[in-house]
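Hi,

Here is the structure I said I would pass on. Have a look at it first, and then read my notes underneath.

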Amino acid sequence: MLIETFIRKQLGLKAHTVTRVEETEDYMIIHIDRLGSRLLRCGLCRQRCRKVHSVRQPREWRDLSMRKLPLKLRYRPRRVECPRCGVRVEDFPWAEPWARVTTALSNAVAKLARELSWQGTARQYGLNWKSVATIVKRAVQYGLKNRSRPPVHVIGIDEVSRRKGQVYLTVVYDLERRVLLWVGDDRTEEAVRPFFTKEMGRRRCPTLQVICMDMWAAYANLVKEHAPQAQILFDRFHIVKHLNEAVEEVRRSEMRRLSQKEKVAFKRSRWLLLKNPWNLSDDQKERLSTLVRWNAPIVRAYYLKEAFQMFWDYQQPKRAEDHLEKWMRSAMRSRLEPFKKFVSLSG
Ligand SMILES: [Zn+2]
């Protein structure tokens, strides 16, 4: 068998062929050309293209060595006219579009780099350290990109704290399949960004439909930026927590203004606020009105919180929505800063 034929088979060439094998002191150079008028594929979508647009300058790819002599492939890439993608560089059966080494060499390097140091791997294949680093990184990316990943529609983003709240991580779950998708280093916008840009990427972000998260979270902007089609859902647990915090904030700032006598009276009557007004006795109503007179802000805060909770009881979305809108208007008019903040964040 001619060495040309042998190499052509090794490389799995179909639309290309080996025209010549040149031996120099340092390399064996495999000259490759297009085979007749066989159709070439688009480098982007891999569809076969009828028309060749142009022929480019020769390019070289490092390949596995042959008897210690490093191989180089040399070929003048064609640019094809893809009906889908326009004029593109053709697809190379022996290498990834970005690569300067063949897929065979890159696989061998990536595998060996798991056993040897990068330095040792580089020496083994006559590459420099940087090329090995690039190959390993690319191989990892390639592996990640091509591992089968079903589309993700509903995710939950949450934070977990380690070491008693000193260290935060962000975790992302696929809520349909109930699997952990991703873990980020921190809970900041910057830490979560790679989930959208790398893990999901531009290709997969559009499949996101619903994103459940804490309304206070730093990543709402990321969703707007990378998955604007997705609906953000603030879950009930987080909403109630923030409502309680808003009430507590109002209560604390108002209690500071009350006299000691008023404070005691207030503490005794506070539960009245949690009752439905029509269930109160006359005496209780009297006490409640005193309470309201003394401290309108706290009372308003309680009522706002309670009114909001009715939202969960609606069965019909339209009525729930009306309720929510009304509630937001009254919260904005309440002159209670914590509630205004709540509204602006949930809107
Ligand atoms: Zn194409």
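**What I found**

In this protein, 46% of the contacts with a separation of 6 or more are between residues 24 or more positions apart. Two residues are in contact here if their C-beta atoms, placed from the backbone, lie within 7 Å.

Before you go further: this is a predicted model, where local features need pLDDT of at least 70 and side-chain atom pairs count only at pLDDT 80 or more, while totals for chains, interfaces and linings use all residues. Residues are numbered from 1 along each chain as its sequence is written.

The protein has 12 helices and 14 strands. Helices (H or I, at least four residues) and strands (E, at least two) are DSSP runs, numbered from the N terminus. Of the 347 residues, 22% are buried. By that I mean that 20 or more other C-beta atoms lie within 10 Å of a residue's own; exposed is 12 or fewer, partly exposed is in between, and the C-beta atoms are again placed from the backbone.

**The sheet around E8**

There is an open sheet of 3 strands, in the order E5-E8-E9, with antiparallel pairing. E5 and E9 are at the edges with a single partner strand each, so each has one side without a neighbour in the sheet. On average, neighbouring strands of this sheet are turned by 30° against each other, with direction ignored. For that angle, axes are lines fitted to C-alpha atoms (for helices, over the stretch in contact), and angles run from 0 to 180 degrees between N-to-C directions.

Strand E8 covers residues 78-82 and is mostly covered, with 4 of its 5 residues buried. Strands pair if DSSP finds at least two bridges between them. E8 is joined by 4 bridges to strand E5 (residues 51-55), and the two run antiparallel. Another antiparallel pairing, also with 4 bridges, links E8 to strand E9 (residues 86-89). E8 and E9 make a hairpin, with 3 residues between them.

If you want to follow the pairing residue by residue, start at Glu 81. On the E5 side, Glu 81 is the bridge partner of Lys 51; on the E9 side, Glu 81 stands opposite Val 87. Val 80 is the bridge partner of Val 52, and Cys 82 stands opposite Gly 86 in E9. Keep in mind that in a regular strand the side chains alternate between the two faces of the sheet.

**Helix H11 and what comes before it**

Helix H11 (residues 317-333) has 17 residues and reaches 24 Å from its first C-alpha to its last, close to the 24 Å expected at 1.5 Å a residue. The expected span is 1.5 Å times one less than the number of residues. H11 is hardly covered: the count of buried residues among its 17 is 1.

Met 310 lies in the loop between H10 and H11. Met 310 counts as exposed because it has 12 C-beta neighbours inside 10 Å. Met 310 and His 323 are 13 residues apart in sequence, and their C-alpha atoms are 8.4 Å apart in space.

Tyr 302 sits in helix H10 (residues 296-309). Tyr 302 has 18 C-beta neighbours inside 10 Å, so it counts as partly exposed. From Tyr 302 to Asn 244 is 58 residues in sequence but 9.0 Å in space, C-alpha to C-alpha.

**Two positive phi values, and Glu 23**

Most residues other than glycine have a negative phi. Arg 46 has a positive phi, near 65°. Arg 46 is in the loop between strand E3 (40-41) and strand E4 (48-49), and with 12 C-beta neighbours inside 10 Å it counts as exposed. Arg 335, just after H11, also takes a positive phi, of about 60°.

Glu 23 belongs to strand E1 (residues 16-23). How many C-beta neighbours does Glu 23 have inside 10 Å? There are 10, so Glu 23 counts as exposed. Glu 23 and Leu 71 are 48 residues apart along the chain, with 9.4 Å between their C-alpha atoms.

Cheers
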